[in-house]
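The following report describes a predicted model, beginning with the packing of its helices and ending with single residues and the chain as a whole.

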Amino acid sequence: MRSENDGQNVESYFCIDSRLQKVSALAEELYLKGQDKVHNFAHALWDTSTGINIINNEVGYDVTLFIPAGLMHDTGITKGPYNKHMENGGILVRKHLPGLGFNQAEVEEIATAVKEHNGDEHTTNTSRILYDADTLNKAGVHGINEWLLYWSQFPTSAEKAAEESISYLDKLEKKGFYTETATRMNQEAGFDEVSGLVLTLKFWEEIGNLIKLEELTDSEALQRAKQSLGIENVL
Ligand SMILES: [Fe+2]
Ligand SMILES: [Fe+2]
């Protein structure tokens with residue numbers, strides 16, 4: 001389900017700056033080691049490709065700093081527990097990127113973006129683009145698919161998955177995006193007046209309601225939620 005954004009635009013920058021190809025090879029190797037269903041190289045490419053599309057429609061962002069941040073952002077999962085993956089990703093950037101030709105200021109900007117990507121504060125331009133791209137990854141049909149993958153990786157009851165997802169998505173929806181381009185892309189990821197993030201939120205609210213009101217198994221609730229949002233044919 002990630003084919004709509006397969007990272008071709010990432011590769012097109014390799015001939016402009018050969019360091020980017022080296023970071024890509026490093027990131028791919030690290031994600032392979034991690035064997036994670038969600039936080040893998042395909043996901044990193046999706047975010048990086050999306051971030052490039054945002055930057056190309058905005059002014060003042062440096063794509064050669066963003067690409068390494070996008071590619072490396074979840075590599076921290078290979079170094080320790082998931083709740084430490086942002087911090088560990090920053091450590092991996094500081095360890096490997098000087099050897100690939102990035103100077104100290106560049107390494108700092110990239111490591112900061114990786115360290116902050118899922119947090120509440122984003123202190124640099126690179127960090128803000130990475131946040132926007134990684135948040136779009138959770139929006140709309142593509143985002144629902146990513147959540148379902150995550151759910152299969154960390155199995156829990158539908159009730160608990162819905163509760164946690166709703167509270168997290170609600171926070172993202174309230175925070176919004178840093179760029180106008182990402183705001184527009186979020187709108188396009190939904191249907192009619194419903195934005196992509198709201199669609200993902202509605203999906204989990206529907207599952208939560210179905211589980212509470214009716215005696216359904218988790219997979220029945222999942223199926224019914226897809227039907228009621230009209231997305232059963234695209235998932
Ligand atoms: Fe992450
Ligand atoms: Fe991510």
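Helix α4 passes α6 in a right-handed crossing; a crossing is right-handed if the near helix is turned clockwise from the far one by less than a right angle, and left-handed if anticlockwise. The contact is made by L65, P68, A69 and M72 of α4 together with E106, E109, I110, A113 and V114 of α6. By class, this contact of α4 with α6 holds seven nonpolar, no polar and two charged residues. Here Ala, Val, Leu, Ile, Met, Phe, Trp, Tyr, Cys and Pro count as nonpolar, Asp, Glu, Lys and Arg as charged, and the others, Gly among them, as polar. Two residues are in contact if their C-beta atoms, placed from the backbone, lie within 7 Å. Helices are DSSP runs (H or I, at least four residues) and strands likewise (E, at least two), numbered from the N terminus.

The axes of α4 and α6 (residues 104-116) come within 9 Å and cross at roughly 40°, which makes α4 oblique to α6. Axes are lines fitted to C-alpha atoms, for helices over the stretch in contact, and angles run from 0 to 180 degrees between N-to-C directions. Angles under 35 degrees count as roughly parallel, over 145 as roughly antiparallel, 65 to 115 as roughly perpendicular and the rest as oblique.

A further partner of α4 (residues 63-72) is α7 (residues 125-136): their axes come within 9 Å and cross at roughly 50°. These two helices are therefore also oblique to each other, and α4 passes α7 in a right-handed crossing. On the α4 side, L65, F66, A69 and G70 take part, and they meet T126, I129, L130 and A133 of α7. The residues of the contact of α4 with α7 divide into six nonpolar, two polar and no charged.

Several residues bring together parts of the chain that are separated in sequence. The table gives one C-alpha pair for each of them.

| Residue | Partner | Separation along the chain | C-alpha distance |
|---|---|---|---|
| I52 | N9 | 43 residues | 7.6 Å |
| H117 | A69 | 48 residues | 9.3 Å |
| A139 | G190 | 51 residues | 7.7 Å |
| A162 | F203 | 41 residues | 8.8 Å |

A residue is buried if 20 or more other C-beta atoms lie within 10 Å of its own, exposed if 12 or fewer, and partly exposed in between, with C-beta atoms placed from the backbone. H117 lies in the loop between α6 and α7 and is buried, because it has 26 C-beta neighbours inside 10 Å. Not counting residues up to four places away in sequence, H117 touches H73, M86, L130, Y131 and D134. A139 lies in the loop between α7 and α8 (140-153). With 28 other C-beta atoms within 10 Å, A139 is likewise buried. Its contacts, apart from neighbours within four places in sequence, are N186, A189, G196, L197 and T200.

I52 and A162, in contrast to those loop residues, belong to helices: I52 lies in α3 and A162 in α9 (residues 158-175). I52 counts as buried because 22 C-beta neighbours are inside 10 Å, and A162 is buried with 25 other C-beta atoms within 10 Å. Leaving aside neighbours within four places in sequence, I52 is in contact with N9, V10 and V63. With the same exclusion, A162 is in contact with W204, I207, G208 and I211.

Is Q35 buried or exposed? Q35 is exposed, because 9 other C-beta atoms lie within 10 Å. Q35 is placed in the loop between α2 (18-34) and α3 (41-55). Its phi is near 50°, a positive value in a residue other than glycine. Most residues other than glycine have a negative phi.

For the protein as a whole, there are twelve helices and zero strands. The radius of gyration is 18 Å, close to the 18 Å that the globule rule gives for 235 residues, so the protein is as compact as a globular protein of that length. The radius is taken over C-alpha atoms, and the rule is 2.2 Å times the number of residues to the power 0.38. Along the principal axes, the C-alpha atoms fill a box of roughly 60 × 35 × 30 Å. Buried residues make up 43% of the 235 residues. Of the contacts with a separation of 6 or more, 64% are between residues 24 or more positions apart.

Residues are numbered from 1 along each chain as its sequence is written, and chains are lettered from A and ligands numbered from 1 in the order in which they are written. As this is a predicted model, local features need pLDDT of at least 70 and side-chain atom pairs count only at pLDDT 80 or more, while totals for chains, interfaces and linings use all residues.
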